[in-house]
Amino acid sequence: MNNFNYRKVTEVSDALSNVSKNPDSYFIAGGTNLIDLWKYNLLHPSNLLDINSIDTLNTISKDKDGRLHLGALVTNSDTAYHDLVENNYPLLSKAILAGASAQIRNSATNGGNLLQRTRCYYFYDAAVPCNKRNPGSGCPAKDGLNRMHAILGTSEQCIAVFPSDMSIALAALEARIHVTSTTGDRIIEFADFHRLPGNTPELDNNLKSGELITGLSLPPEGFSKNYSYLKLRDRSSYAFALVSVATGMDLEDGNIKKIRIALGGVSHKPWRVPEAENFLIDKEPNESNFATAADMILNGAVGFGKNDFKIELSKRAIIRNCMMALNPECQRPGAQPSL
Ligand code: SF4
């Protein structure tokens, strides 16, 4: 363990001025990924800024336009079980509760969830090359153990996936991310926050140095009638997704008026294909139409050997999850989906 300075801050302005004076500082909130990275010897913070006592970032409230604001420091559990989230954005509650374990959700924060790093085995093993950890060193996952890895949006440099469940629902809900720095505030549309690996796999997202996430906001309507989150994984709890799907839809006169489908476990960022969502507008919500949309979403998918199965699995998961969204009651524990 290296020596480090620890400082607790209670105001956003204090956090920002500290980080601007010491650019190698790390904010710590729940610490559920940062401590992992530290223990694996992948991070060596010299300045740790504990932001847990900034009360203004620990609230959930509606603004005058009806958007729901989720503070960056609200825990994943408190978010999932909040009345306004459970009733108006049940897709988000369901996705959060599919992630990690109860203990981790009680500690992990909304801001931290967006910033968690890939769980690629090679990334966590400092003894092997990894372009994300050490740019230019290589990507052993491409010809190695890649069962958990990406099939969409990959690059020569990296085939890692982004592991969050919460973020897949946030992508479907078209959330916004609110950030601040000493130069002012800015809002980032969710689709523009996470990055594909391209030639810079070391960058997971478009947050700039010195910026702090203050919260998330959700549109006034959150698919509260027709939604579903399906997570397929090797065991039923405390496992990352092989494939996950978040679907929210609005129906009118029996047809689809609006639909959002986001995929997790398949790319370096939550994966959406607006053309497939547009194809479904004014269509009947049936297996045939969802299958066509699934083909569009998986267009261009490429496996790397051990993860080839994800292509077909993703298509089936999309169809199943869209059908489940027609009857959210089937998602209750023990209920059988009526497919
Ligand atoms: Fe590193 Fe990405 Fe390759 Fe994993 S997939 S070894 S994170 S470069």
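This passage describes two sheets, one loop residue and the ligand site of a predicted model.

The five-stranded sheet is open. Its strands follow the order β4-β5-β8-β6-β7. Pairing within this sheet is antiparallel. Strands β4 (60–62) and β7 (184–189) form the edges, and each of them pairs on one side only. From one strand to the next, the twist averages 25°.

Within this sheet, β8 stands between β5 and β6 in the strand order. Strand β6 covers residues 176–181, and β8 covers residues 212–218. Five bridges join β6 to β8. The two strands run antiparallel. One residue pair can be named here: valine 179 has isoleucine 213, in β8, as its bridge partner.

The chain ahead of edge strand β4 was also examined. Threonine 56 lies in the loop that links β3 (47–50) with β4. The relative accessibility of threonine 56 is 59%. Residues over 50% are classed as exposed, so threonine 56, at 59%, counts as exposed. Threonine 56 is separated from leucine 73 by 17 residues in sequence. In space, the C-alpha atoms of threonine 56 and leucine 73 are 8.8 Å apart.

A second sheet is also open and has three strands. Its order is β9-β10-β11, and its pairing is antiparallel. The edges are β9 (226–232) and β11 (255–264), each pairing on one side only. Here the twist averages 10° from one strand to the next.

In the three-stranded sheet, β10 occupies the middle position of the order. Strand β10 spans residues 243–252. Nine bridges join β10 to β11, and these two strands run antiparallel. Glutamate 252 stands opposite asparagine 255 of β11. In the numbering of the strands, glutamate 252 is the last residue of β10, and asparagine 255 opens β11.

The ligand site was considered next. The ligand is surrounded by 14 residues. The closest are Cys120, Cys130, Cys139, Cys158 and Ile159. Four cysteines and one isoleucine thus make up this closest group. By class, the shell around the ligand divides into 10 nonpolar residues, three polar residues and one charged residue. Cysteine and isoleucine both count as nonpolar in this division. The space that the ligand takes up is the largest cavity.

Definitions and conventions
Residues numbered from 1 in each chain as written. Predicted model: local features only at pLDDT ≥ 70, side-chain atom pairs only at ≥ 80, totals over all residues. Heavy atoms only, no water. Pairing = 2+ DSSP bridges. Helix = DSSP H or I, 4+ residues; strand = E, 2+ residues; numbered from the N terminus. Axes fitted to C-alpha atoms, helices over the stretch in contact; angles between N-to-C directions. Buried < 20%, exposed > 50% of the residue type's maximum accessible area, 1.4 Å probe, protein only. Near = heavy atom within 4 Å. 1 Å grid on protein atoms, 1.4 Å probe; cavity = no way out; pocket = protein on both sides within 12 Å on 5 of 7 lines; lining within 4 Å. Sits in = over half its atoms within 2 Å of the grid points.
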